[in-house]
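Visitor: I am new to this structure and would like a close look at a single part of it. Could you show me how some of the strands sit beside one another, and then the loops with unusual backbone angles?

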Amino acid sequence: QSVIRTLAAGLSGSGGVAGQASVTLNDLGNSTTATITDSEVNGATGVLVSAEELAPDAGDYLDNMLLPDLIVEAIEDAVSGTGFDLSANILSLAGSIGGAGLAAGSAAVADNDIENTVTATIVDSAVTATDGGIETLANSAAEIAAMTMGVGAAIGGALNASITSNDIENTVTAAATGATTLDAKGAIKLAAEDASAIDSLAFSLAGAVGAALGAAVSDNTVNNTVKAYMQGSDTDMARITGAGDVTIQAHSSADLNGLSTGASVGAVAAGATLASSTVTGEVDAFVGAHSTTVDVDSLTVSAISDAKAAAQVTALYGGIVSGGYNHAQATIAPKVAASVDQGAAVTASGAVAVSAQSHVAADAGATGVNVGLATAGMSKAETILAADVQTTIAGTIVAGSLTASADNSTLAGE
């Protein structure tokens, strides 16, 4: 449960020229591993191999920072109604104000990255549960909350940029590999799960009697690799020699919310307001080559991706001459695969089910207002749904029934 909390704030003022930049850069990269290797394990009531890297069970973002009440109220007002999560692994705030008589420049930047590796494995081992089950579980939950607010004001010319860039790229694996033999009276489960979330807000205001130029950018990406599998090697078989229900499951869920708001006001006013939320990555569950199951009740192999991406931009440009470009894009394009591969042999007395599922919800909106004697502007909103969902059976299966399915549909409740 790793935590990073950062605040960068700056104020500059001058009768002539003033410049100010506030930048916060945060990187989180942990490796969490639980493994049984080259061992013989006999658990009378069951065996659990578990690795977890979770979001913190901490208080509110603002409760853990020594901020004046005025700042706290301003932040709470800014995020009210946005669904912005103030309790996360990485929480960063960058604020910048620049004011001058002649010219003022201001920039607020927050760049945040999470790249965790969570692994739970049984390797080259014999594991037996005489009166229970065997579970190999890898679980990751990573969250980023980022906010940037920038203001530039001057009589002559004002320039402001507010940028937040956030990336989560985790690798989560649950596996039984090599010369491994699993035998249980109860169920056997190999499960890898990741839940990632990003809340991002960028606000930019540029105001001048002369020329005002502003930019607000919110860019968010989740690109995780989540895998659950059993697989032997060229020289050794991975075996399940007895069990009740056997489950091999990889499940990834992502929730991204990017919001950009910009305003430029002056005799000449221009700007760009951009928001992008992208979910890619790989979700894979499989029975690999050189693997076998015998004397099991059932086998379920499932790969599931639940992805929600939202991007919203709102902008105002006002002046004698004004122009602006506004673009919101929400993209969901993971690869989701479930398979029984060539070289695998599965025997089950009951059902064998192999399924790959992608559940998506994407929302993009762009609103731009240009006011002036001469105006030009463009607002564009895009949703891109391009999940690659595949179920493959290439191995040998002997079972009471066999179901293979691939599904690409709307996320429940959306």
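Guide: Here is a walk along three paired strands, followed by two loop residues. Please keep in mind that this is a predicted model.

Let us start with strand β11, which covers residues 157-168. On one side, β11 pairs with strand β7, residues 103-114, in the parallel sense over 12 bridges. To find your place in this pairing, look for Ala108, which stands opposite Ser162 in β11. Strand β11 also has strand β15, residues 211-231, as a partner. These two run parallel as well, joined by 12 bridges. A handy landmark here is Gly157, which stands opposite Ala211 in β15. So β11 is paired with both β7 and β15.

Now for the loops. Most residues other than glycine have a negative phi. Asp124 is not a glycine, and yet its phi is positive, at about 50°. You will find Asp124 in the loop between β8 (117-123) and β9 (126-129). Asp124 counts as partly exposed because its relative accessibility is 33%, and partly exposed lies between the cut-offs of 20% and 50%.

Further along the chain is His290, another residue other than glycine with a positive phi, this one near 60°. His290 belongs to the loop between β17 (268-287) and β18 (291-318). With a relative accessibility of 27%, His290 therefore counts as partly exposed.

Conventions. Residues are numbered from 1 along each chain as its sequence is written. This is a predicted model: local features need pLDDT of at least 70, side-chain atom pairs count only at pLDDT 80 or more; totals for chains, interfaces and linings use all residues. Side-chain values use heavy atoms; hydrogens and water are left out. Helices (H or I, at least four residues) and strands (E, at least two) are DSSP runs, numbered from the N terminus. Buried means under 20% relative accessible area, exposed over 50%, partly exposed in between (1.4 Å probe, protein chains only).
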